[in-house]
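Me: I have a model open on my screen and would like to talk through some of the labels people put on it. Could you go through the reasoning with me?

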Amino acid sequence: MIIVIKGDSSNKDMNSLMTMLLEKDCRVDQGHAGQVEVWEVSPDERAPDPDFLRKIPCVEGVLGGDIKHPLVSELEFWHDDLESLLLKKSRVDSRRLTKDADGDYVSYQQPGFVSAAGRPFHIIAGPCSFTPEDDLNSLALALKQAGATGLRGGSFKPRTSPYSYRGMGVSGLKKLSDAGKKAGMPTVSEIMAPEQLSAFIDVDILQVGARNMQNFSLLKALSQQEKPVLLKRGMGNTIEEFLNSAEYLAAGGNEKIILCERGSVSFDPGCKIAFNLNNIPILKSKTKLPVIADPSHGTARADLVMPMAMAAAAAGADGLMVEVHPDPSRALSDAGQALTVKEFISLAKAVRKIVETME
Ligand code: PEP
Ligand code: MN
């Protein structure tokens, strides 16, 4: 159970609540969710009745034992923020915008796709990694034309072998953001350590990869800065662990979180990843944060990306992250799952059809 403490509580009231809980042999862990003080009380069976606790002067609220991540269970305004980020970045394309009498931009044609119910669908696309020779500018324009709303590209790559290509580093982030600016698209790139933050100044959305989902020092550092964070579920992590990692970000003060399902390690040697699409409706029932799906890492096979992208859209995802390389045969990471631009155009068309019919 979580007790939310009122901001102006006196020490005397808080001490008497603490004494009562300790006398019942409860364990009390004191922490903060944003600016608010919260106490995690366990086990639930020994804690006083929640209705009794709610009447105590220093108690703002009590959340049941099943709500272990109170902030990510409740946050919902972020969908609008995400849309305005995309709007701001899409401003170069004046055909999408209309002005009101004062000359302010008030409405626009959604850069991505919109469901029948008016829900926006975002597609973040781009290479796993790239080299100085790869033409990201033309790629970004082609992706945007096909309906992508964000440009991805890894410049600090977590690789299994220390001898594999690990990205262009700082100069790659500049190349990515230049391409994003030229095409009018926000950029997404993976950050692996808090010390890298200053290099990501021109990147719009910071990606925490599956391998770093429980890198708590990284999560803490990202919670204390303002850029949105795209958090991927670890390949062997549970939904509860995933939501708790998101809670780290929110509790530290950053509520701009996008959750990304990217599949789990599979037991089947014939198919190394199992794409957990059931997690999409589960996550959407447990949190109001945007939930996107990554069918590229979720399948690790280019031929499976399109059908699983369609399935993710049908399962209710708010968007997709898809790997597209200017020339997959030259890709130095995740070549086997990279789509060509032509394949991405077909994927976008197929996904759009599904999104547009969804309520
Ligand atoms: C990636 O997005 O290129 C990546 C490494 O993803 P993941 O962390 O899901 O493996
Ligand atoms: Mn990749």
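Reply: Happy to; we will take the metal site, then the bound ligand, then some backbone angles, bearing in mind that this is a predicted model.

Me: What makes C128, H297, E323 and D334 the residues that coordinate the manganese ion (ligand 2)?

Reply: Distance decides it. A donor is an N, O or S atom within 2.8 Å of this metal. Here the SG of C128, NE2 of H297, OE of E323 and OD of D334 sit at 2.0 to 2.4 Å, so they qualify under the 2.8 Å limit. Along the sequence, the spacing of these donor residues reads C-x168-H-x25-E-x10-D. E323 belongs to strand β17 (residues 319-323), while D334 is in the loop between β17 and α12 (341-357), so the pair ties together parts eleven residues apart in sequence.

Me: Why is E323 called buried, and why is D334 called partly exposed?

Reply: Buried means under 20% relative accessible area. E323 has 1%, so E323 counts as buried. D334 has 27%, which falls between the 20% and 50% cut-offs, so D334 is partly exposed.

Me: How do you know that A210, K232 and R262 make polar contacts with ligand 1?

Reply: The test is a pair of N or O atoms within 3.5 Å. For A210, a backbone N or O atom lies 2.7 Å from an oxygen atom of the ligand. The side chain of K232 has an N or O atom 2.9 Å from a ligand oxygen, and for R262 a polar side-chain atom is at 2.6 Å from one. On its own, ligand 1 exposes 300 Å², and the protein buries 97% of that.

Me: Which classes of residue make up the shell around ligand 1?

Reply: The shell has seven charged, three polar and two nonpolar residues. C128, H297 and E323 are among the residues surrounding the ligand, and these three also coordinate the manganese ion.

Me: What makes the phi angles of A300 and D334 worth a remark?

Reply: Most residues other than glycine have a negative phi. A300 is not a glycine, yet has a positive phi of about 65 degrees; D334, also not a glycine, has a positive phi near 50 degrees. A300 lies in the loop between α10 (295-299) and α11 (302-314), and at 19% relative accessibility A300 is under the 20% cut-off, so A300 still counts as buried.

Me: Where is there a cis peptide bond?

Reply: Between S42 and P43, with omega at about -10 degrees. P43 is in the loop between β3 (36-42) and α2 (50-54).

Notes: Residues are numbered from 1 along each chain as its sequence is written. Chains are lettered from A and ligands numbered from 1 in the order in which they are written. This is a predicted model: local features need pLDDT of at least 70, side-chain atom pairs count only at pLDDT 80 or more; totals for chains, interfaces and linings use all residues. Side-chain values use heavy atoms; hydrogens and water are left out. Donors are N, O and S atoms within 2.8 Å of the metal (3.2 Å for Na, K and Ca); water is not among the atoms, so sites may look incomplete. Helices (H or I, at least four residues) and strands (E, at least two) are DSSP runs, numbered from the N terminus. Buried means under 20% relative accessible area, exposed over 50%, partly exposed in between (1.4 Å probe, protein chains only). A residue is near a molecule or strand if one of its heavy atoms lies within 4 Å of it. A polar contact is a pair of N or O atoms within 3.5 Å; within protein, one must be able to donate a hydrogen and the other to accept it, and residues adjacent in sequence count only if both atoms are side-chain atoms. Accessible areas come from the Shrake-Rupley method with a 1.4 Å probe; for residues, only the protein chains shown count as cover. Ala, Val, Leu, Ile, Met, Phe, Trp, Tyr, Cys and Pro count as nonpolar, Asp, Glu, Lys and Arg as charged, and the others, Gly among them, as polar.
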